[in-house]
Each structure stands twice: as C-alpha cells, then as structure tokens.
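Hi,

Here is the structure I said I would pass on. Have a look at it first, and my notes on what turned up are underneath.

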Amino acid sequence: MSKPTILDISQFLPYQLVSLSAQVSEDFAQVYNQEAGLTQAQWRVLSHVLNLEFATARQICELANMDKSTVSRAIKQLEEKGLMGLNKHPDDKRATVLQATPGGINLYEMLTPKAKEWERDLLSNFSESEKVTLKALIEKLSQSVERKVTG
C-alpha cells in the first residue's frame, strides 16, 4: 500500500496568502492604531467611505469583505469619535449614507502619508519593476478568484 500524499500546508498558496495577510495587517495596524487609536475595522470603514462619493453600510460590507455586525460596530464607534455621520442621500431621501466629518477627513489626511510611507518601507527591497509585477500578479490572481466565484 502506498503512502498517502500529504499536503504541505506551509507551501499551499491559500495558507501562504492568509498568513502573509495577517502579518501585513498586524504590522500596518501600528500606523492607524498608534497614530489615531483606530481599530482595523474602523480604518477600513473610514477608508472606504472617503473613497466613495456616497457610501452605504451594505457597500462597505461588500467592498471591505467584512460582515454586517463588524461594519455596524465600526460605524457606531466612528460616530462616537466624531469621525463619521449618517446622512440622507441628496438624491434619495429614503437612503442613508455614511459621510466622514471634517474631523474624519482631517484624520484620514493625516494618516494617508504615514500609510504611504509604511507601504514604501514594506516594498523597499523590491525594484520598481518588481513592484509593478507584484501588483499585476495580485490583480491577476484576484481576477482568477473572481471568475471561480462568479462561475
């Protein structure tokens, strides 16, 4: 009887990606946590809201790949910190949209250069060509996953 083939999980792409993602997220958390006292969920929600003209909680859930309760909690906490508010959509008074307050915008503008500096430092051992290739490969992998998900 032959020995079964054992998957070396440390060499399995999904494991490698999850592990790397956790390490990168944990390291980057120092930027928004130490500088602004934000959690990962709060940072992600604020970032997405500021990158959209009008954002709903549902959109944030989809874009950030976060569950509804985590997004709702982050929104509530950002409201309590005076960084975000809920407003009526200007074109559809039935819809509620999330908007950063002036304080939220200022905080984000303060964190953006620090986030970019952190990313530059992370990628500092890559050549410009390698950075372009890495981003292209990540996009290509993302498209492959999307095709599998959507059929």
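Let's start with a charged pair: Arg-94 and Asp-92 join their side chains in a salt bridge, at 3.2 Å from N to O. Keep in mind as you read that this is a predicted model. The two partners sit differently with respect to the surface. Arg-94 has 75% relative accessibility, so it counts as exposed. Asp-92, at 25%, falls in the partly exposed class.

How many salt bridges are there by the rule used here? The count comes to 5, and two others are worth opening up in your viewer.

One is between Lys-135 and Glu-119, whose side chains meet at 3.6 Å, N to O. This pair links distant parts of the chain, with Lys-135 in helix H6, Glu-119 in helix H5, and their positions 16 residues apart in sequence. Lys-135 has a relative accessible area of 48%, so it is partly exposed. Glu-119 is partly exposed too, with 36%.

The other is between Glu-128 and Lys-131, at 3.0 Å from N to O. Here both residues belong to helix H6 and are 3 residues apart, about one turn of the helix. Glu-128 is exposed because its relative accessible area is 56%, and the exposed class begins over 50%.

Now the aromatics. The structure has 5 aromatic pairs. Phe-28 and Tyr-32 make one of them, an edge-to-face pair with 5.3 Å centre to centre and 75° between the planes. Both are in helix H1, 4 residues apart, which is about one turn of the helix. Are these two buried or exposed? Phe-28 has 14% relative accessibility and Tyr-32 has 3%, so both count as buried, the limit being under 20%.

Tyr-32 also pairs with Trp-43. Their ring centres are 5.5 Å apart and the planes are at 5°, so this pair is stacked. Tyr-32 belongs to helix H1 and Trp-43 to helix H2 (residues 40-51), so the contact ties together parts that are 11 residues apart in sequence. Trp-43 is buried, as is Tyr-32. If you want to see the whole group, select Phe-28, Tyr-32, Trp-43, Tyr-108 and Trp-118, which form one aromatic cluster.

On the outside, two patches came up.

The nonpolar patch on the surface consists of Leu-13, Leu-17, Leu-141, Val-145 and Val-149, and together they have about 420 Å² of accessible area. Which helices supply at least two residues each? They are H1 and helix H6 (128-150). H6 gives the most, with 3 residues. Leu-141 is in helix H6, and its relative accessibility is 34%, so it counts as partly exposed. Patch residues need over 30% relative accessible area, so Leu-141 passes that cut-off.

The negative patch is made up of Glu-26, Asp-27, Glu-117 and Asp-121. Helix H1 (13-36) and helix H5 (102-122) are the elements that give two or more residues to this patch. Glu-117, for instance, lies in helix H5.

As a place to begin in the viewer, I would pick helix H1: it holds Phe-28 and Tyr-32, and it gives residues to the nonpolar patch and to the negative patch. After that, helix H6 takes you to the Glu-128 and Lys-131 pair and to Leu-141.

Cheers

Terms used:
Residues numbered from 1 in each chain as written. Predicted model: local features only at pLDDT ≥ 70, side-chain atom pairs only at ≥ 80, totals over all residues. Heavy atoms only, no water. Patch = residues over 30% accessible without salt bridge, like charges linked within 9 Å, V, L, I, M, F, W, Y side chains within 5 Å. Areas by Shrake-Rupley, 256 points an atom, 1.4 Å probe, with all protein chains shown as cover. Salt bridge = Lys/Arg side-chain N within 4 Å of Asp/Glu carboxyl O. Lys, Arg positive; Asp, Glu negative; His and termini not counted. Charge placed at Lys NZ, Arg CZ, Asp CG, Glu CD. Buried < 20%, exposed > 50% of the residue type's maximum accessible area, 1.4 Å probe, protein only. Phe/Tyr/Trp six-rings, centres within 6.5 Å; stacked < 30°, edge-to-face > 60°.
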